[in-house]
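Let's take a walk through this one together, starting with empty space and ending with sulfur.

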Amino acid sequence: MPKIRKVLVANRGEIAIRVMRTCKELGIATVAVFSEADRSALHVRTADQAYLVGPPPSRESYLVQERILEVAKQSGADAIHPGYGFLSENASFVRACEKAGIIFIGPPAAAMDAMGEKTRARANMIQAGVPVVPGSTEPIKTPEEAREYAQQIGFPIMLKAAGGGGGKGMRRVEGLHDFDSAWRSAKSEAMSSFGNDSVYIEKYLEKPHHVEIQVFADQYGNTVHLNERECSAQRRHQKVVEETPSPILTPELRAKMGEVAVKAAKAVNYVGAGTVEFLVDVHRNFYFLEMNTRLQVEHPVTEWVTGLDLVAMQIRAAEGEKLPLFEAPEPRGHSIEVRVYAEDPARNFMPSPGKITHLRVPGGPNVRDDSGVFGGFTVPNFYDPMISKLSVWAPTCAEAIARAKRALSEYVVKGITTNIRYLHGILSHPEFVGGDYDTSFLTREHPTLLGDEDPQLSEVAMLASTLHAFQRDQKRAKTLPSGAGAGGTGRISPWRLALKNRRR
């Protein structure tokens, strides 16, 4: 196959930048696409070329296949990297790329058909003899049918999007009383995220660990696993903190799960990077959950402990090269990744879009910050609120936790609210430090993870805001007519009111 000369990255934010960086190291030109909300985004500035693809809503821009392919032709791109989310698991887009003579950097459409839709993947794994979580093997069409099936397998159950992962279109349902609202919201979110509102049902396992195995395959049938990632620290079924090695896996269990993951990939003639996800119960039995037919958000931790560049491997696999290794590498040290979000954990994780007035990212030995923002950038409210992935490496788990906490203490983001303090709470919690946490950890320990407000810091913040208001009013007073007063209307100014209330 010919070498790739120019890659269009059909995504935005930090993952688009991450792909572009590897492309530049390989001497490959890059093309960015952007919505009207992303005109000033960092990925647009990073690429060699950039093209507008539509209005802010993703269904009118990043999810419009015809427009993405049109830009590929206009720019002369001979390959498309989908990143994750958006079109990354859309088999029809892969076929459209093939028809247009453009290389899709990812698995073939047939493998995506087999694994990309979750219900079909479950059916294929059952046929291949892989243990799966009890549940439906086909999307359920009506709420009446879904309620009946849920009662058959017993509550609690999970409603899950058939057309994609990442926690989108997923709802836990405790009983019939909350089924209808969960059904509607799961289908709505699935349609918004993947353009496919199909959902299916799985039995909810109590206190499971979420462990995934990174697999990689070339076009010649060679497949290898690159060890595991522990992803149990999650909220609303979206991962928040990931680490490798997993604190619960023995070498024997790792080898067994890796063998099953490779078997799953080979069963569908997989090519490129993929992730086979499992739930591990309290008895260390593991069950196939789904396969994500794309690069994962948390791939940096695997890169830390293996020394591999997974994006470079994806590109080389798409060019027809053979795998550089044929057996799982021994994990080297320990790596942790935390996801920094523009959201407020104290207000039910409400997104916090807005302008970043000041940004200082952490550094130091073995610290990596994959980010799509900069000081002065306005975080839009149309997309996932993750603004960066902070990952670290150290020889041991304890050292990795200490390094991640130190790095978080250096992270400064002003102008918007972030979850940085919340992430620090996770890394400091005894359950996380001891490796004894399951998928209910964040929900169960939410009040503890928020931490207590420091009264001294609260007083400093109040005084700082008062001073700011005073300086602002003084500046305004100089530009107002005589007698108008600091507030501009003859009313008492905010800073005087604050001082008056403080004296009380």
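How many cavities of 30 Å³ or more does the count come to? Just one. A cavity here is a set of points, on a 1 Å grid over the protein atoms alone, where a 1.4 Å probe fits but cannot get out; points are joined across faces, edges and corners, and the volume is the space filled by probe spheres set on them.

A word on ground rules: this is a predicted model, where local features need pLDDT of at least 70 and side-chain atom pairs count only at pLDDT 80 or more, while totals for chains, interfaces and linings use all residues. Residues are numbered from 1 along each chain as its sequence is written, and side-chain values use heavy atoms, with hydrogens and water left out.

Back to the hole: the largest cavity holds about 30 Å³ of space. Its lining (residues with an atom within 4 Å of a point) includes His81, Phe104, Arg294 and Gln314. Sorted by class, the lining has five nonpolar, six polar and one charged residues, with Gly counted as polar and Pro as nonpolar. Because domain 1 (6-105) and domain 3 (209-450) both contribute lining residues, the largest cavity lies between them; those bounds come from an automatic or database domain assignment.

Now the sulfur. There are zero disulfides, a disulfide being a pair of cysteine sulfur atoms within 2.5 Å. Why does Cys23 have no bond to Cys97? The closest cysteine sulfur to that of Cys23 is the one in Cys97, and at 15 Å it is too far for a bond. Cys23 is also buried, at 0% relative accessibility, where buried means under 20% relative accessible area with a 1.4 Å probe, protein chains only. Cys97 likewise counts as buried, at 0%.

Notes
On a 1 Å grid over the protein atoms alone, a cavity is a set of points where a 1.4 Å probe fits but cannot get out, and a pocket is an open set with protein on both sides within 12 Å along at least five of seven lines; lining residues have an atom within 4 Å of a point. Buried means under 20% relative accessible area, exposed over 50%, partly exposed in between (1.4 Å probe, protein chains only).
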